[in-house]
Amino acid sequence: MNMYGAHHACCRAIGPLLMITSDISAQATAFLAEHTATFHAAVADATAAAGAGRLREVSLAAERLRDGGQYLFMAVLEDALAAGMDWWALGDMVSLHPQAAWEQYGKNRTAPAAAPARQRPHLAIKLTAGLSGVHEHSAEYGPDIADLGTPCSFAFDPTVDRIRRAAQTLGEDVWIAVNLPDRARPAAEPIDGVDVVKQWISVLTDDDDVTWLREVLDVYAVQYDSDEDLPIG
């Protein structure tokens, strides 16, 4: 498709959005009503500039489109939150784990949105991370996720990713244990930065993961008494 065709395809895609009248999309609808002409103009400018080989002008038009698209996305996000969409639906919309979606778009709002574990408490998990040889991996923290083999949605938790990346950068070995909040009942909660690197609450993505994890923890409980230390980590 040439740039002229792309321009008209963009116009056709944006135009029908102006017909949205549902209150669910109030902010997105208002944004498009005010700025659709600007989107069209940016595409037209880019088309003309590209045809004349004026690449800087094409780049400037692309920047306007990118900025406008970001504002439109934020309007859609506000509409989704106002409509009561939870972080599983929002995460699916932006291709993120529910916890990652909340951390990126909900945690630091002026009025912070409810965390995923509060929205679907039956999918909540407790994760604990420590440095191998420094922090004691108590059996009460649950098994090390690295020993579980089968990939699970907790592997996409943003804090798991950050800790693994930091450990790799520093050349350190870490263990990251997983448990369910109703099973993780230590005599005393560990202190972040002292007893462990960090302990936090995250979520699984669906009921199948919960069923699988409960089965894993049942086997784990048989193998290790809750008062014993793990021989791993």
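A nonpolar core, as the term is used in these legends, is a set of buried Ala, Val, Leu, Ile, Met, Phe, Trp, Tyr and Cys residues joined through side-chain atoms within 4.5 Å. All the views come from a predicted model.

**View 1. The largest nonpolar core, with its best-connected members.** This core has 23 residues, and Ile125, Phe154, Ile176, Val178 and Leu213 touch the most other members. At least two residues each come from strand 1, helix 7, strand 2, strand 3 and helix 8 (207-223). Elsewhere sits a second, separate core of eleven residues, with Ala80, Trp87, Leu90 and Trp102 among them. Nonpolar side chains do tend to be buried together in soluble globular proteins.

**View 2. Isoleucine 176 and its neighbours.** Leaving out residues up to four places away in sequence, Ile176 touches Leu127, Thr128, Ala129, Pro143, Asp144, Ile145, Val160, Ile163, Arg164 and Trp200.

**View 3. Strand 1 and its two pairing partners.** Strand 1 covers residues 124-131, and seven of its eight residues are buried. Strand 3 (residues 198-203) pairs with strand 1 in the antiparallel sense over six bridges; look for alanine 124 opposite valine 203. Strand 2 (residues 174-179) also pairs with strand 1, again antiparallel and over six bridges. Here threonine 128 has alanine 177 as its bridge partner.

**View 4. Helix 5 under cover.** Seven of the eight residues in helix 5 (residues 98-105) are buried: Pro98, Gln99, Ala100, Ala101, Trp102, Glu103 and Tyr105. The cover over these buried residues includes helix 3 (55-82), helix 4 (87-94), helix 6 (116-119), helix 7 (158-170) and strand 3. Trp102 of this helix is also one of the residues in the second core.

Technical notes. Residues numbered from 1 in each chain as written. Predicted model: local features only at pLDDT ≥ 70, side-chain atom pairs only at ≥ 80, totals over all residues. Heavy atoms only, no water. Buried < 20%, exposed > 50% of the residue type's maximum accessible area, 1.4 Å probe, protein only. Helix = DSSP H or I, 4+ residues; strand = E, 2+ residues; numbered from the N terminus. Pairing = 2+ DSSP bridges. Contact = heavy atoms within 4.5 Å.
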